Amino acid sequence: MTTRLTDDVEEAAAALRAGLLVAFPTETVYGLGADAANPAAVARIYRAKGRPAGHPLIVHVADRDRAGAWMAVDPATEARVDRLARRFWPGPLTIVVPRSPLAAAETVGGRDTIGLRVPAHPVALDLLRAFGGGVAAPSANRFGRVSPTTAAHVLTDLDGLVDVVIDGGPSQVGVESTIVELVGPTAVLLRPGGVAREALEDALGQPVVDGRGGESRASGMLASHYAPVASVELIDADADALARALDRWPAADRVGVIAPRRVDHQPSWVLPADADGYARHLYAALRAADDAGVTHLLVVPPVSGPLLDAVLDRLTKAAAPRS
Ligand code: TXA
Ligand code: MG
């Protein structure tokens, strides 16, 4: 198969209608999209990604009204969805709720719930409006790898495996959406992301329980995920910790550093000190380190900022033991 690059959303929407795969930009990361109501199209996502079946996909829609058709919720839950949607949609928030029969079983990994999101990227919204339906889309990377934040990253992983790629420039948030589950009476955070937990609690007027570390309900919750090829080691923020870590590595190893400040080592990638800027450039840095042939990465996290929780979550997973 040859992959076509386009900036024509009508052409991309027609491809979705034909059951083809379309990679498209969102404000978090690029998505690998298919018609969420078409089981054969959704099956092609799993094949292209090498993703195990049973990992549910997020369904993207153009607005809150269109999300309604995919949900089957009581009035109290509906009101909570409305509170979140008014404040955070379009935006980096995925809401998991009980589902209607509209989604193909393949889309939701056989579950009776569905994750819904209205992305805040003009190209994504144009595509969703042109298509009209729901677009099932995981991040457009091979399973277990770092999510793509540019069209070039998508092609590195999926050239020849995806039919159409829309280039919408670099993603502005840089890490995946926050996932909150509104299934029982409590709200549960399944994945930290572009919307902070405190902001969810403020909008809902109820506590949001941390659901990580429970059973592996989201693939992003697996211990090792979001990882580059290089092994990853997290380093404390103080300057001595990095120096000590570098001392431990023999010159024969190709050791790289990612840090929120300039460091006296090559190769190194300097990211912004605030977590939001750091998040925007993190995945590109992880990919660049792999491209540079780095085999071990020392990563100094950012210190503060609304996305700190999300960045630490991804770095911890990148540094987790691999199976
Ligand atoms: O920012 C994002 O969320 C990006 C962009 C493309 O929207 N998408 C993304 O998709 O990160 P993916 O498939 O890489 O991660 C989706 C996560 C998975 O961990 C999946 O298990 C979880 O969402 N998820 C989806 N539907 C769910 C459901 N019904 N219940 C629990 N978890 C769900
Ligand atoms: Mg992913």
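Helices, in the sense used here, are DSSP runs of type H or I with at least four residues, numbered from the N terminus. The model is a predicted one, and one such run, helix α5, offers a convenient place to enter it. Just after α5, Gly-132 adopts a positive phi of about 90 degrees. Within the helix itself, which covers residues 122-131, the buried residues are Ala-124, Leu-125, Leu-127, Leu-128, Ala-130 and Phe-131. The elements that cover these buried residues include the helix α1 (9-17) and the strands β2 (22-24), β3, β4 (58-60), β7 and β8 (164-166).

Several of the strands that cover α5 belong to an open sheet. This sheet has 11 strands, arranged in the order β1-β8-β2-β3-β7-β4-β6-β5-β9-β10-β11, and its pairing is mixed. Its edges are formed by β1 (4-6) and β11 (208-210), each of which pairs on one side only. As a general matter, the strands of a sheet pair through backbone hydrogen bonds, either parallel or antiparallel.

One pairing in this sheet joins strand β3 (residues 31-35) to strand β7 (residues 135-136); the two are antiparallel and share two bridges. Here Asp-35 is found opposite Val-135 of β7. Helix α2 (residues 39-49) lies across both β3 and β7, and its direction is at about 155 degrees to that of β3.

Further along the order of strands comes β6, which has a neighbour of each kind. With β4 it runs parallel, the two being joined by three bridges; Ile-58 has Gly-115 of β6 as its bridge partner. With strand β5 (residues 93-98), β6 runs antiparallel, and four bridges join them. In this case Ile-95 stands opposite Leu-116 in β6.

How many of the residues of β6 are buried? The strand is mostly covered, with five of its five residues buried. In a regular strand the side chains alternate between the two faces of the sheet. In β6, Thr-113, Gly-115 and Arg-117 point one way, Ile-114 and Leu-116 point the other way, and all are buried.

Thr-113 deserves a closer look. This residue lies in β6, which comprises residues 113-117. Thr-113 counts as buried because its relative accessibility is 17%, and buried means under 20%. Leaving aside residues up to four places away in sequence, Thr-113 touches Val-96, Val-97, Pro-98, Arg-99, Val-108 and Val-183. Leu-5, by contrast, is 108 residues away along the chain, and the C-alpha atoms of Thr-113 and Leu-5 are separated by 33 Å.

The model also contains helices that pack on one another. Two packed helices are described by the angle between their axes and the distance between the axes. For helix α4 (residues 75-88) and helix α7 (residues 197-204), the axes come within 9 Å and cross at roughly 125 degrees. The two helices are therefore oblique to each other, and their crossing is right-handed. From α4, the contact draws on Arg-80, Arg-83, Leu-84, Arg-87 and Phe-88, and from α7 on Ala-199, Leu-200, Asp-202, Ala-203 and Leu-204. Sorted by class, the residues of this contact are six nonpolar, no polar and four charged.

A second open sheet has four strands, in the order β12-β15-β13-β14, and its pairing is parallel. The edge positions are held by β12 (231-234) and β14 (268-270); each has a single partner strand, so one side of each is left without a neighbour in the sheet. From one strand to the next, the twist averages 20 degrees. The partnership of β12 with strand β15 (residues 296-299) is parallel and extends over four bridges, and Leu-234 has Val-299 in β15 as its bridge partner.

Helix α9 packs on this sheet and touches β13 (255-259), β14 and β15, its direction making about 175 degrees with that of β13. Helix α9 (residues 275-291) also packs with helix α10 (residues 308-319), at an angle of about 35 degrees and with the axes 9 Å apart. The crossing of α9 past α10 is left-handed. In this contact, Ala-275, Tyr-278, Ala-279, Leu-282 and Tyr-283 of α9 meet Leu-308, Val-311, Arg-314 and Leu-315 of α10. The residues involved divide into eight nonpolar, no polar and one charged.

How values were computed
Residues are numbered from 1 along each chain as its sequence is written. Chains are lettered from A and ligands numbered from 1 in the order in which they are written. This is a predicted model: local features need pLDDT of at least 70, side-chain atom pairs count only at pLDDT 80 or more; totals for chains, interfaces and linings use all residues. Side-chain values use heavy atoms; hydrogens and water are left out. Axes are lines fitted to C-alpha atoms, for helices over the stretch in contact, and angles run from 0 to 180 degrees between N-to-C directions. A crossing is left-handed if the near helix is turned anticlockwise from the far one by less than a right angle, and right-handed if clockwise. Contact means heavy atoms within 4.5 Å. Ala, Val, Leu, Ile, Met, Phe, Trp, Tyr, Cys and Pro count as nonpolar, Asp, Glu, Lys and Arg as charged, and the others, Gly among them, as polar. Two strands pair if DSSP finds at least two bridges between them. Buried means under 20% relative accessible area, exposed over 50%, partly exposed in between (1.4 Å probe, protein chains only). Angles under 35 degrees count as roughly parallel, over 145 as roughly antiparallel, 65 to 115 as roughly perpendicular and the rest as oblique.
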